Protein chains: 2
Amino acid sequence: MNEFQLIARLTQSLPTNASTVVGAGDDCAVLDLGLPDRWLLFKTDAIVEGIHFDATTPPDKIGHKALARCLSDFAAMAGTPTHALVTLALPTNFKVNFIEAIYDGMNTLAARHQVAVVGGETTTNPERMLISVALLGTVQKGKCPVRSSAKAGDAIFVTGELGGSRSGKHLDFEPRLAEAAWLADNFSIHAMMDISDGLAGDLRHILKASRVGAELLSDAIPASRAAKLAARAEPSARPPLLAALADGEDFELLFTVASHDAVSLFDAWKERFPELRLSCIGKITAKKGLTIRDKKGIRPLTVHGYAHFS
Amino acid sequence: MNEFQLIARLTQSLPTNASTVVGAGDDCAVLDLGLPDRWLLFKTDAIVEGIHFDATTPPDKIGHKALARCLSDFAAMAGTPTHALVTLALPTNFKVNFIEAIYDGMNTLAARHQVAVVGGETTTNPERMLISVALLGTVQKGKCPVRSSAKAGDAIFVTGELGGSRSGKHLDFEPRLAEAAWLADNFSIHAMMDISDGLAGDLRHILKASRVGAELLSDAIPASRAAKLAARAEPSARPPLLAALADGEDFELLFTVASHDAVSLFDAWKERFPELRLSCIGKITAKKGLTIRDKKGIRPLTVHGYAHFS
């Protein structure tokens, strides 16, 4: 049983209440606690030594990554993060300077986004460090793009470039908060999420939640320079297209808009964010399933993304 | 360096913002996100296999405890919890039935308090299970008893009985949410917290935050039946008074009120909660330091509570 199968089992019968707008299954939970024009967003994310970072990772980058992952989930909902709590589970032989440097990395990123770090907890995890961040914030009511809102005919976009994140980007990426807020303010974004487990796997989450399919264009998928360099340097490495489809931790935005909005969105984006690539990588289809089109024709895409336990 | 010294270092310079009412250092963070009459409360708490539970603990009790600890922190702030996120860090050899039973215990407690479980995360922690709960809720503005509000002359109260929790109570205690809400509704509670690391250690947190001292009455401290039985069965066990002062995981309320309110509060409590013992265990003093009075006189209390890493 992999991570997603386990989650599906556990989330079948969770207790809910009247103030829950979106529960388990999206990038953040969405809650209505009575603010006139805003919903609350609520999210947790954990990183574990030996999996998301290792003993050689600079501590400030560990702290940056721990918070940035949660901020990226807020970007996926076009939200504004406001407050974070930090859980540090530490082996008993920790070095205080190392922990302080983790906090430096986290605090620098938090301050840049006006996020207050309002406490948390330390506890013991004897064999390895684990850092979990809980994040709270708000989003404008009705402007929160959930995974279930993709429509047949939508154009599919991704920001930035994909694949090869583990060679460095996963430790110092900038969560796409400003870009997502701009998108939600200026366009009717149908579905959105951040790519954390690989494009192919994450797009499937949107397709499943929206009960649609998708056709990707092989040539349009923006493989990163890191993925291309890796493939050139090492014949056994994933080809760049496969890396772009399946590598985890890209932390780019994946979203869909009605096809009639696609060109104006693309043009406005180039004006507003000239430094950040935006790619239209395919379209949502009424027919379920995920396919990819290249010179040889259309074929089912069998590639999956990253899953814990599998 | 123990847990509390580390926390003091890390919380010296956390980023903050205008919507933070109370940041790190109390049972919950208190936030003002613009609701007219209520603040938000925000809290995380983690339990770790081998420390807070072990391989023989019934899984539903693990789930109960994971959430109940957070609920107890909400009780300490007289708050109403509304939404929880659950982080499960699991060894790869987990049994699905065991995890489902953990959720059963947690969900049953959540439903009893109208708390919606709105998602969370699964990740890998190869050597042992770790469960972290993030909890969100609200509290009436101005009715949130913080640790820093104890005043010289206040009477000090505790609910229930203390010590020996590890023989069973720590796995199935009921967080004192109803009692705390009643206290805040009907009396001017000065300082309040839940006793999680032992009465002596936790009272010191109130004394430090409020810049006061306290004198406890040895005979008034309510040692639990479990603590008394343990002392009788095993000569090397802690005497009941010491267990009541220093054992962790009591999850009872510790609070202070002006002395002129003490008698009426005590009488009203007996009427409203006849099944739950309430004890006046001493008084807050202007002179700093923690002392205890018994038949032989007054002496400084040197006992401390539980701290990780120490």
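Q: How many residues of E10(A) are buried?
A: This is a predicted model, in which local features need pLDDT of at least 70, side-chain atom pairs count only at pLDDT 80 or more, and totals for chains, interfaces and linings use all residues. Residues are numbered from 1 along each chain as its sequence is written, while chains are lettered from A and ligands numbered from 1 in the order in which they are written. A residue is buried if 20 or more other C-beta atoms, placed from the backbone, lie within 10 Å of its own; it is exposed if 12 or fewer do, and partly exposed in between. E10(A) is largely enclosed by the rest of the structure, because the count of its buried residues is 5 of the 5.

Q: Which residues point one way from E10(A), and which the other way?
A: E10 is a strand of chain A covering 253–257; strands (E, at least two residues) and helices (H or I, at least four) are DSSP runs numbered from the N terminus. The residues on both sides of E10(A) are buried. One way point A:Leu253, A:Phe255 and A:Val257, and the other way A:Leu254 and A:Thr256.

Q: Which residue in E10(A) stands opposite A:Ala191?
A: Two strands pair if DSSP finds at least two bridges between them. Strand E7 (residues 155–159) of chain A runs antiparallel to E10(A), with 4 bridges, and A:Ala155 stands opposite A:Val257 there. Strand E8 (residues 189–194) of chain A is also antiparallel to E10(A), joined by 5 bridges. Opposite A:Ala191 in E10(A) stands A:Thr256.

Q: What is the phi of A:Phe251?
A: A:Phe251 lies in the loop between helix H8 (240–246) and strand E10 (253–257) of chain A. It counts as buried because it has 25 C-beta neighbours inside 10 Å. Most residues other than glycine have a negative phi. A:Phe251 is not a glycine, yet its phi is positive, near 55°.

Q: In which sense, parallel or antiparallel, do E4(A) and strand E5 of chain A pair?
A: Strand E4 (residues 80–90) of chain A is mostly covered, with 10 of its 11 residues buried. With strand E6 (residues 130–140) of chain A it forms 9 bridges in the antiparallel sense, and A:His83 stands opposite A:Leu136 there. With strand E5 (residues 116–124), E4(A) shares 7 bridges, and A:Leu90 stands opposite A:Thr124. The sense in which E4(A) and E5(A) pair is parallel.

Q: What is the handedness of the β-α-β crossover from E4(A) to E5(A)?
A: The chain crosses from E4(A) to E5(A) through helix H3 (residues 96–112) of chain A. A crossover is right-handed if, with the strands pointing away from the viewer, the path from the first strand over the helix to the second runs clockwise. This β-α-β crossover is right-handed.

Q: How far does helix H2 of chain B reach from its first C-alpha to its last?
A: Helix H2 (residues 59–76) of chain B has 18 residues. 17 of these 18 are buried, so H2(B) is largely enclosed by the rest of the structure. The expected span of a helix is 1.5 Å times one less than its number of residues. This gives 26 Å for H2(B), and the helix comes close to that value, reaching 26 Å.

Q: Which residue with a positive phi follows H2(B)?
A: The residue lies in the loop between H2 and E4 of chain B. It is buried because 24 other C-beta atoms lie within 10 Å. Its phi is about 55° although it is not a glycine. The residue that follows H2(B) is B:Ala78.

Q: Which element gives the most to the side of chain B that touches chain A?
A: Two residues are in contact if their C-beta atoms, placed from the backbone, lie within 7 Å, and 59 residues of chain B are in contact with 59 residues of chain A. Among the elements of chain B that give two or more residues are helix H1 (3–10), strand E3 (38–48) and helix H3 (96–112). With 9 residues, the element that gives the most is E5(B).

Q: With which residues of chain B is A:Leu6 in contact?
A: A:Leu6 is found in helix H1 (residues 3–10) of chain A. It is buried because 20 other C-beta atoms lie within 10 Å. Leaving aside neighbours within four places in sequence, A:Leu6 is in contact with A:Met1 and, from chain B, with B:Val96, B:Ile99 and B:Thr122.
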